[in-house]
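Thank you all for making the time this morning. I would like to walk through one model with you, going from the overall fold to a helix, a surface patch and a few charged pairs.

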Amino acid sequence: MDSANVAVQAEAIHGPVNVYQATAALSPEQTFEVGLNCLRAGMAREAREHLRDAVVLRHYINGLSCFYLLLALLSGRTLQQVPPTEITMLRCVRGVVKADDEWADAIKLIDHLLTSRPTENGAADLEQELQKLTDEQRNDVLQHMEMFLDSSAEDALWTHAFEAARSDRCANDRLGRAWKFFQPDPRDARVRPADPVRIGLGVWTGAAVTTALALVSVGFIGVTAWQHTGTAAVAALLVLAASCYTSVRIGVEWRCKKERRQAKDREYLRRPATTRRGDGFASKIDQQFNHYSALYAPRGADKARWLSETAGVRRALRDEVVTIYRESTVNAKQVAWLTRYLVADVARRWQAGSLWDYRKELRVPWSRKAMCVLTAIAATAAGIFLIWSGAHVTAFTVSLTALVAVISVWSTARLWLRIAAEYKRHAADKAEEQRLWAARQAACERWKSKLADRPDDLQMARWLECDRKALMERAMALYRLKRQDVLAHAFIEAPATPSYDRARIENGPWRYSKYKILLFLLTKDGVRQLTVHLDFRKATFHRLARTNYRYDAFTSVQVAETDSGENVFELTLTNGDPIKVKVTDPPTDVTEKEDKDPQGASQMTLDTAGLGNALHVLEGIAAEGKQWITFEREREKVSLAEVSNAVNAIFV
């Protein structure tokens, strides 16, 4: 009701490690770690907030914190985009880094990247400074100072960046692990519970009454018959009791197996219902069964025959999955492991010829049926003998009692047969439930074990950064550009339609299995645009498209939010259709809500997609044309001096 508080409700959210979430209880060191994680994940805006909190407000000041605060201020944007208030933050940490500090060289390199200009010795000097850094420092500088490598125009820095990207792009078993990030945590194994024993009070009452009546009437006939035939009547009573017990016991087994086999036949051999397409849980389970039924079709078998003969079985399993997991908090992807297991198990049993083994298991042997019939005949003969013997003593009374005995014995047998068969059915269902649960639980544990080495968000961010560098290197090779030919560049990353998977760490940006990446290279002759589709799980580029246009071809640049909630980047040129790219998704059937910031995930995704810098560059070109590059350099001079002074003030 009104007191409810929805924290997060989304698609695949991995936890419980909240590496991007800081609370008031965290120490300054822990707050710094959160900011550092955000920075390495590409969430520069969140990183600046946490690092400012740790360094400036809570005085966690040292060479390490100053280095990453400086990177956070510059990451993903030009000096013109850095507000003066953020530059002022650096002045609050004066004289904390000594010349022999392990982070001093890294901070000095940042200053040199900001202030350097192309000279004969410039590249050699920067190369020498770069070699002094650790691999971690070097990678962080090359990633977050990317916007300033254009203006520095040092081939050595680009070469290092490209070499590091080639080395790390498929490192840590990316091809074998990246797909696991998009898999949600599986739901625990479930089975349809066995139906309870369905025996009403009326059945128990009827069985008790008829049993008592049968005992009294048969007992009276037996006593009367004993008066005439003596021990023969006793023997007949024993035969009657033993035959009735044996006949009923075998009859219970016969009836239970017959009903169980008929129930399975009705379930497995029925014609599957026509399913409707939609976005609901049941429709998605339908899609999973159809997909895996085609994927796991037995090798060498007639696919049409396989689908036809197993249609009823698969439909029954589909209905079970929908029934036991159909609740508001379950995503269909969370039970995909069960769908795969069930379909693969059906395929294995069908190929082995054991899919219909239940018919053999539930078949009653002819010997058991014959024994049931013979014992029933023996009971009838013994009863007739007792009635005949008793009739010699008192014919009328025994005849009436015999009629009552026949009716009561018949009713008693039927009622106890029903009761015993129901309990036997329940026991068989419970045994099958336990067997199915054990098999499914084992399958679930195997799937969890397979996902145990799922990459974290920092690793995903690093792989994506390497993809950007690889695309940059490829673009320069395609356009035959040197490093100094690129005056500025910008990336835009968006999910590649129509189909892709997405997942995120709690409080992190969305990561996609397929990206559409736009790379804009600003050169002295115009803009070079490279558009590719990236299969993130396979680390491959597809559908490469090259577009070139002059600076005066820009008309407008904008990012608009549609009625459905998605954000669309649109670049309009004087000639041709507008370039439109969907940067973020609209809300899906599993709505994403966050109590403090409903647009948090969408905004973080926009930030990590490089949209802020791309808009800054392209809007400037649209407004000022080619002269924007010159004007931007002039506007940066003031900011450059302020940043350089602030950086130098950090040293003792």
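Let me begin with the contacts, a contact being heavy atoms within 4.5 Å: among those in the protein between residues at least 6 apart in sequence, 75% join residues at least 24 apart. Please keep in mind that this is a predicted model, in which local features need pLDDT of at least 70 and side-chain atom pairs count only at pLDDT 80 or more, while totals for chains, interfaces and linings use all residues. Residues are numbered from 1 along each chain as its sequence is written, and side-chain values use heavy atoms, with hydrogens and water left out.

The protein has 23 helices and 10 strands, which are DSSP runs numbered from the N terminus (helices H or I, at least four residues; strands E, at least two). Of its 652 residues, 48% are buried, where buried means under 20% relative accessible area, exposed over 50%, and partly exposed in between, with a 1.4 Å probe and protein chains only.

Turning to the interior, a nonpolar core is a set of buried Ala, Val, Leu, Ile, Met, Phe, Trp, Tyr and Cys residues joined through side-chain atoms within 4.5 Å. The largest one has 42 residues, and those with the most contacts inside it are Phe67, Tyr68, Leu74, Ile110 and Met145. Helices supplying at least two residues each include α1 (28–40), α2 (44–57) and α5 (104–115), and the largest share, 9 residues, comes from α3. Apart from this core lies another, of 33 residues, among them Tyr268, Ile285, Trp306 and Trp350.

Trp350 brings me to helix α16, where Trp350 is one of the buried residues, along with others including Trp337, Leu342 and Val346. The buried residues of α16 pack against α13 (281–295), α14 (303–309), α15 (311–325) and α19 (395–450). As for its length, the expected span is 1.5 Å times one less than the number of residues, so the 17 residues of α16 (336–352) should span 24 Å, and the end C-alpha atoms are indeed 24 Å apart. Just after the helix, glycine 353 takes a positive phi of about 75 degrees.

What about charged pairs? I count a salt bridge when a side-chain nitrogen of Lys or Arg is within 4 Å of a carboxyl oxygen of Asp or Glu, and by this rule there are 35. In one of them, lysine 448 pairs with aspartate 188, the closest N and O atoms being 3.0 Å apart; lysine 448 is in helix α19 and aspartate 188 in the loop between α10 (174–177) and α11, 260 residues apart. Both ends are partly exposed, lysine 448 at 30% relative accessible area and aspartate 188 at 46%.

Another pair joins glutamate 493 and arginine 468, whose closest N and O atoms are 2.1 Å apart. Glutamate 493 sits in strand β2 (488–495) and arginine 468 in helix α20 (457–479), 25 residues away along the chain. Here glutamate 493 counts as buried because its relative accessibility is 4%, and arginine 468 likewise counts as buried, at 13%. Beyond single pairs, salt bridges that share partners join Arg260, Lys264, Glu422, Arg425, Asp429, Glu432 and Arg435 into one network.

Finally, in helix α12 (231–268) we find serine 243, which is buried at 7% relative accessibility. Leaving aside neighbours within four places in sequence, serine 243 is in contact with Thr375, Ala378 and Ala379.
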